[in-house]
Amino acid sequence: MTDLINRVLQRVPAPYHLASEMEAEATMQQQGFHTPDDAVGNESCLVQIYPADVIDGMLLLEYDFLTIGRDIACDLVLDDASVSRRHVQLIRTPEGHALQDLGSTNGTLVNRIPIQGRHILNSGDNISIGSFIFKYLSAGSVESQYHETVYLSLTRDALTGTMNKRYLLESMQREMARSLRRSQSLAVVMMDIDFFKSVNDTHGHLVGDEVLREFGKRLLSTCREDDLLARYGGEEFSLLMASTERDEAIEIAERCRAVIGGKPFATAIGPLDITASFGVACYDGDRMMKAVELIKIADDRLYEAKRDGRNRVVC
């Protein structure tokens with residue numbers, strides 16, 4: 001419980017930070033933060049699903065109004081430049097909870113579509129406020145959907161739709177053991193968006209998020225059904241391919257490279273030419289090798305591709 005309290009308190013404005021565990025638990029209740037065991041199932045709630053390091057509980061919507069923004073006076077403070085000082089208000093209405101954007105700079109999106117006027121929410125809607133993504137769960141569906149939401153958050157990257165690093169590493173170790181037993185090959189590809197930092201620095205993180213989202217979408221549409229695509233961190237992704245020989249892995253990596261660089265990415269500031277670099281490694285049945293070691297080989301080849309000029313595959 002102490003770890004949960006500490007992580008939740010990171011989301012509470014500084015004036016509310018308290019020293020003792022007893023006071024912290026009281027603050028969680030006052031601020032509306034509840035663990036699943038605390039949820040009574042008759043209140044709607046918000047669950048933060050991106051960034052992924054704040055999946056600690058739910059924020060019950062117990063009052064008629066909830067103002068969200070960067071300002072310390074807001075009910076829910078999101079201290080990030082992508083969020084306006086008073087960004088959006090969540091309002092309880094006879095039809096259910098509604099969102100009202102407060103003239104924010106970057107707008108408020110529901111299921112990736114900017115809202116206009118007062119927008120009534122449906123259970124399961126994703127709400128984007130700057131770089132933050134929440135899921136809205138309506139009263140009566142909170143308990144079951146909460147656990148599903150948290151499970152998906154622990155395994156899937158909410159921004160790109162790909163799996164996350166934790167899921168990748170657990171799956172890779174199992175696939176390596178299976179490959180060893182069956183004397184089958186296995187390949188992993190590490191890939192990285194070229195010059196991504198300049199996209200963020202020049203156009204802002206929201207445009208960077210658009211690029212990441214489209215990058216994941218294009219790769220998911222290109223990979224085979226049984227391949228596992230994961231966001232490894234930042235702008236780096238990994239592709240795990242079971243029962244795949246070296247030549248086939250290179251062919252798939254080249255296909256991915258072509259789908260990324262073949263057409264500009266549509267963004268809020270206009271089309272951007274995006275390319276990526278790829279490193280390929282194959283598992284040779286070494287009993288002592290761990291998943292992170294195989295990834296390291298692919299990662300070294302990825303950075304070789306970077307040094308050689310980017311927008312290429314190295315194996």
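In this predicted model, the axes of helix α6 (residues 205–222) and helix α7 (residues 246–261) come within 10 Å and cross at roughly 140°. That angle makes α6 oblique to α7, because only angles over 145 degrees count as roughly antiparallel. The crossing of these two helices is right-handed. It helps to recall that two packed helices are described by the angle between their axes and by the distance between the axes. On the α6 side, the residues that take part are F215, R218, L219 and T222, and they meet R255, C256, V259 and I260 of α7. Sorted by class, this contact of α6 with α7 holds five nonpolar residues, one polar residue and two charged residues.

The next stop is a sheet. Six strands form an open sheet in the order β13-β15-β16-β14-β17-β18, and the pairing within this sheet is mixed. At its edges lie β13 (163–164) and β18 (313–314), each of which pairs on one side only. Helix α4 (residues 165–182) packs on the sheet, where it touches β13, β14, β15, β16 and β17 (276–283). The direction of α4 makes about 130° with that of β15.

Strand β16 is a good place to look at the sheet in detail. This strand spans residues 236–242 and is mostly covered, with six of its seven residues buried. In the strand order, β16 stands between β15 and β14, and its pairing with each can be followed in turn. With β14 (residues 186–193), β16 runs antiparallel, and seven bridges join the two strands. Along this pairing, V188 stands opposite L240 of β16, while D192 stands opposite E236. With β15 (residues 228–233), β16 also pairs in the antiparallel sense, here over five bridges. In this second pairing, G233 stands opposite E236 of β16. E236 therefore faces a partner in each direction: D192 and G233. β15 and β16 together form a hairpin with two residues between them, and G234 in the turn has a positive phi of about 60°. A useful background point is that, in a regular strand, the side chains alternate between the two faces of the sheet.Elsewhere in the chain, T67 lies in strand β4 (residues 65–69). Is T67 buried or exposed? With 8% relative accessibility, T67 counts as buried, because the cut-off for buried is under 20% relative accessible area. Leaving aside residues up to four places away in sequence, T67 touches C74, D75, L76, R86, V88, Q89 and L102. One of these contacts, D75, lies in the loop between β4 and β5 (76–77). D75 has a relative accessible area of 40%, so this residue is partly exposed. Another residue touched by T67 is Q89. D75 and Q89 are 14 residues apart along the chain, and their C-alpha atoms are separated by 9.5 Å.

Finally, the protein can be viewed as a whole. Its secondary structure comprises eight helices and 18 strands. The protein has 315 residues, of which 49% count as buried. Among contacts between residues at least 6 apart in sequence, 57% join residues at least 24 apart.

Definitions and conventions:
Residues are numbered from 1 along each chain as its sequence is written. This is a predicted model: local features need pLDDT of at least 70, side-chain atom pairs count only at pLDDT 80 or more; totals for chains, interfaces and linings use all residues. Side-chain values use heavy atoms; hydrogens and water are left out. Buried means under 20% relative accessible area, exposed over 50%, partly exposed in between (1.4 Å probe, protein chains only). Helices (H or I, at least four residues) and strands (E, at least two) are DSSP runs, numbered from the N terminus. Two strands pair if DSSP finds at least two bridges between them. Axes are lines fitted to C-alpha atoms, for helices over the stretch in contact, and angles run from 0 to 180 degrees between N-to-C directions. Angles under 35 degrees count as roughly parallel, over 145 as roughly antiparallel, 65 to 115 as roughly perpendicular and the rest as oblique. A crossing is left-handed if the near helix is turned anticlockwise from the far one by less than a right angle, and right-handed if clockwise. Contact means heavy atoms within 4.5 Å. Ala, Val, Leu, Ile, Met, Phe, Trp, Tyr, Cys and Pro count as nonpolar, Asp, Glu, Lys and Arg as charged, and the others, Gly among them, as polar.
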